[in-house]
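Trainee: I have a model open and would love a close look at one part of it, the way its strands are arranged. Could you walk me through that?

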Amino acid sequence: TDEALIAFDTLTDRASNLIQPTLRLGVTGLSRAGKTVFITALVHNLLHGGRLPMFQAAHSGRLARAFLEPQPDDAVPRFQYEDHASRMLTDRIWPDSTRAISELRLVIEYESASGWNRFFSGGRLCLDIVDYPGEWLLDLPLLGQDYAAFSFNATTLARSTVRGDLAAPWLEKAKSIDPLKPADEGDARELARLFTDYLRACKKDERALSTLPPGRFLMPGDLDGSPALTFAPLPNLPETAAPKGSLMAMMERRFESYKSVVVKPFFREHVARLDRQIVLIDAMQAMNAGREAVIDLERALSDVLSCFRPGSSNLLTNLVSRRIDKVLIAATKADHLHHESHDRLEAIARRIVERASSNIGSSGADIEVLALAAVRATREATVKQDGEELPVIVGTPLEGERIGGELFDGNRKTAIFPGDLPRKPDSFFKAVDSSSQPNLPEINIVRFRPPLIEESDTGIKLSLPHIRLDRAMDYLLGDRLA
Ligand code: GDP
């Protein structure tokens with residue numbers, strides 16, 4: 001059973017933990033939230049002695065050395081740190097985003113403050129970083145649904161105001177097909193394709209929606225095209241059981257396989273073995289897209305948190321979450337804002353997390369929230385306008401970025417007004433909650449190139465600049481380096 005398998009894994013991990021202290025850190029978030037950039041920056045800063053004043057172990061000079069080692073799990077792809085780092089530091093372009101699960105082991109040697117640790121582990125911690133798409137976590141609620149419930153929920157969501165037009169091509173087609181007709185691979189593929197197109201359209205910048213299960217439809221990993229992914233919800237299902245050989249029966253069977261061969265093993269083999277978890281969210285993108293996107297982010301976060309902090313959910317979740325003792329939700333890309341807004345972004349993110357937690361009947365009390373930029377692509381400055389000093393951020397826009405009609409070639413710096421976040425989150429959420437007041441504050445989001453890393457006088461490359469990455473490290477790793 002799942003329970004026995006998870007218990008066995010936990011026991012094995014505990015045993016090896018005695019010989020070799022290990023921390024399995026999960027890094028997740030919806031696509032483009034910033035997972036790849038976060039892991040690359042975290043590892044780079046540890047390998048190269050980055051500036052981390054708020055990371056106690058580093059600040060007090062107790063970190064002796066960090067290096068990469070082969071990861072313990074041979075069947076999981078390796079996180080290609082070197083490729084990502086060289087793209088970011090040498091080519092100054094952003095690395096390829098996360099598309100599936102991957103793993104990296106970093107060994108940290110430190111001078112332990114406690115005699116106990118010094119004696120047993122000699123001050124050595126193996127940090128196993130596990131990177132995986134947040135989309136996959138959104139599948140957890142599916143485990144509690146049968147095909148009829150899944151179809152009903154998906155169709156209801158698809159008919160909502162923000163989604164209706166995007167879902168139309170799929171819904172039209174789905175409505176024209178009789179669920180009781182003989183099963184046909186062509187129909188299944190066509191419906192799965194239209195349904196996936198609809199999910200993809202929801203994800204695009206203008207809508208920036210987050211709740212889009214089944215997760216593998218957008219992030220198939222190595223399952224692209226497999227039958228377990230070739231299904232779709234059907235509207236207007238009859239209340240009777242699916243007749244043998246019907247399209248409905250075929251869809252139902254595939255949905256059940258999706259749950260048993262894709263979703264469950266993922267939770268059992270990967271999520272259940274994590275000790276800590278960071279969830280990255282792109283709150284600013286959601287705010288810019290409007291209130292529906294913010295509400296949707298909240299909904300997605302509820303689903304994500306229910307994987308780690310279940311209120312009243314099923315057995316598997318309880319098993320999965322038992323081991324994770326710290327959860328950090330981080331609003332990323334804070335370098336798009338002037339520093340006065342960093343605390344405001346954090347306050348808004350905290351409120352989103354509180355709202356998401358209360359949706360699932362969890363207090364959210366033991367969940368930490370931060371605003372950060374794993375890589376700081378901008379610096380701050382002020383410009384004088386009409387005798388007033390105005391805060392701006394300066395960076396090099398990516399090749400092809402357009403600002404106010406001006407096209408950038410990737411080699412030229414520019415200053416922009418980032419826009420302001422409200423001083424108090426209350427006014428922001430009032431706007432989110434009232435449909436008559438749809439305007440949220442606009443942040444001017446320009447995609448900048450990664451920063452130019454300067455060299456010191458002695459020719460040593462200085463470390464990657466960041467915002468509050470050190471605080472995240474302190475929260476996630478600090479107590480294990482004591
Ligand atoms: P993933 O899909 O979660 O792996 O997302 P990535 O790590 O690939 O990030 C997606 C994009 O967001 C990157 O290509 C960057 O453009 C942007 N990004 C991510 N992190 C940062 C950051 O710390 N600062 C800035 N300015 N941009 C970032």
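In what order do the seven strands of the open sheet lie?

Mentor: Happy to, and please keep in mind that this is a predicted model. Reading across the open sheet, the seven strands come in the order E2-E3-E4-E1-E5-E6-E7, and their pairing is mixed. At the edges stand strand E2 (63-69) and strand E7 (367-371); each has a single partner strand, so one side of each is left without a neighbour in the sheet. Going from one strand to the next, the twist averages 20°.

Now zoom in on one pair inside that order. Strand E5, residues 276-281, runs parallel to strand E6, residues 326-331, and six bridges join the two. If you want a spot to centre your viewer on, try leucine 280, which has alanine 330 of E6 standing opposite.

For a companion view, move along to the open sheet of three strands, ordered E8-E9-E12. Here the pairing is antiparallel, whereas the seven-stranded sheet has mixed pairing. Strand E8 (379-385) and strand E12 (414-416) are the edge strands, each pairing on one side only. Neighbouring strands in this three-stranded sheet are turned against each other by 45° on average, with direction ignored.

Within this sheet, E8 and strand E9 (residues 388-395) run antiparallel and are joined by seven bridges. A good residue to pick there is glutamine 385, which stands opposite glutamate 388 in E9. With both views saved, you can set the parallel E5 and E6 pair beside the antiparallel E8 and E9 pair on your screen.

Note on methods. Residues are numbered from 1 along each chain as its sequence is written. This is a predicted model: local features need pLDDT of at least 70, side-chain atom pairs count only at pLDDT 80 or more; totals for chains, interfaces and linings use all residues. Side-chain values use heavy atoms; hydrogens and water are left out. Two strands pair if DSSP finds at least two bridges between them. Helices (H or I, at least four residues) and strands (E, at least two) are DSSP runs, numbered from the N terminus. Axes are lines fitted to C-alpha atoms, for helices over the stretch in contact, and angles run from 0 to 180 degrees between N-to-C directions.
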